[in-house]
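Thanks, everyone. I will go through one model, starting from a single residue and moving on to helices, the core and the charged pairs.

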Amino acid sequence: MLGTILSHRIFVSSDTISNYAHVWFVSRVMVRTHGIPYHMAIIGHGQGLAFPYAFLPWVTAALLRPWLGDWVVTLWLVVGSIGLIGTTFWAFPELRRGWWWIALVLANPFLIVAPVLGQLPFVWAMAFGFAAIACWRGGHTGWAIVLAGAGQATHAAVVLPILAIVVALWLRCEPERRKLLVAYAASLVIAAPAVALVFLTPAYADSSTGVKVVNFVETVAPRLLVVLVPMGLVWLRRRGVRPWMAPALLAAMLATSLVLASQLDTRTAWRDLHKSPETSLVPFIRSAAYRPGLEYRVLSTTDRRMGMYLLIEHGARLDSEFFPESIVRRTWPSAGEYCAFLRARRVDRVVVYTHYDSGFHKNEGKLLRELALDQALCAPQHVTVTHIASANRYDVYGINRP
């Protein structure tokens, strides 16, 4: 699987394109100014950050991008995945003895899903987290603090709660509990700036409280098993297992992987292993209708946000970040509310794919067609919509606003 990923210059999957886009932007700024950017105002309706997370993997990839191009992000995804596997065995050396235990670690369904979904920040962050566990168990407290801080800073929204749960579970068997709590508190100090950045990102600010809670649970709960599975295997090994239990556990993990592979997003990600990046927006970008410097809203279906990356590479700005929460996919109750949203976001163009409404069960494409036919629908908001371009898979609408 990792070898197949490496064969792609750009590996397009559920969570990958934001990595390519941010590394491209950071590298470009570093080459031009010899500095590291804070803002990335070409995304997130002018409020985007260059490092909403993933500072360490992104900035190191950006340093190498002038020589390796986009492929450096693909390479960094594979490096992080291998690092996650290696640090798992480093943290829990009990699992290095016996082929059944090695196979059980490698068959962890969520260890397999993370790289195929392109979760680069997560695999790097958890690799730091497992390295911190290894250093703590080896008596290297200082390194454990630094590595735990680095892991939580790399993906604060997910890895910080995961390590908090690990520490809470570890306290039950830790003879030096006070020392562990002090060390964990010190790691939080290292991670604090990254935590602050989470709250400053448009993806956080643009989503409702309900969306934040649901996404938090849906994101953290399955990824928590990346560390709970090896911890559980260590516990089982210490208690002693019957000969049939290890094969049964391996069969259960493989069955779980098959179930996960049948889920829509994961099933699409497995197919993406053998696909090239979609370039359906290229004809529009090359046409006279394309205007760089304007703010685009992209409502795509199957391109995995590749079109958004192509647009910013060719001088556009985006009304959202690359996270679904920031895109704001919703059913609009009225044309007036939708136009107020477009005006607040300072949107100049909307690119809507033909099957966006049916694929996401929304009504934005329908609204745009109605607004283009009736210019008076959003007169109170001083917004008008015109249809400016068409292609086989999408339409482009111009937004005229104060």
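Let me start at Gly139, just after helix H7, where phi is positive, at about 85°. Before going on, this is a predicted model: local features need pLDDT of at least 70, side-chain atom pairs count only at pLDDT 80 or more, and totals for chains, interfaces and linings use all residues. Residues are numbered from 1 along each chain as its sequence is written, and side-chain values use heavy atoms, with hydrogens and water left out.

Helices here are DSSP runs of H or I with at least four residues, strands are runs of E with at least two, and both are numbered from the N terminus. H7 covers residues 120–137, and its end C-alpha atoms are 26 Å apart. That agrees with the 26 Å expected for its 18 residues, taking 1.5 Å times one less than the number of residues. Of those 18 residues, 17 are buried, meaning under 20% relative accessible area with a 1.4 Å probe and protein chains only; exposed means over 50%, and partly exposed is in between.

Next, the core. A nonpolar core is a set of buried Ala, Val, Leu, Ile, Met, Phe, Trp, Tyr and Cys residues joined through side-chain atoms within 4.5 Å. The largest one has 136 residues, and Tyr309 and Ile312 touch the most other members. H7 gives the most to this core, with 15 residues. Beyond its neighbours within four places in sequence, Tyr309 has contacts (heavy atoms within 4.5 Å) that include Ile10, Trp24, Arg65 and Phe322.

On to the charges. The whole structure has 15 salt bridges, each a side-chain nitrogen of Lys or Arg within 4 Å of a carboxyl oxygen of Asp or Glu. In one of them, Arg238 and Glu94 have their closest N and O atoms 3.1 Å apart. Arg238 is in helix H12 and Glu94 in the loop between H4 and H5, so this pair ties together parts 144 residues apart in sequence. Are the two partners buried or exposed? Arg238 is exposed, at 61% relative accessibility, whereas Glu94 is buried, at 12%.

Another salt bridge joins Glu364 and Arg297, at 2.7 Å between the closest N and O atoms. Glu364 is in helix H20 and Arg297 in strand S1, 67 residues apart. Both Glu364 and Arg297 are buried.

The last pair is Arg345 and Asp319, at 3.0 Å from N to O. Here too, both Arg345 and Asp319 are buried. Finally, Glu295, Arg317, Asp348 and Arg401 are joined into one network by salt bridges that share partners.
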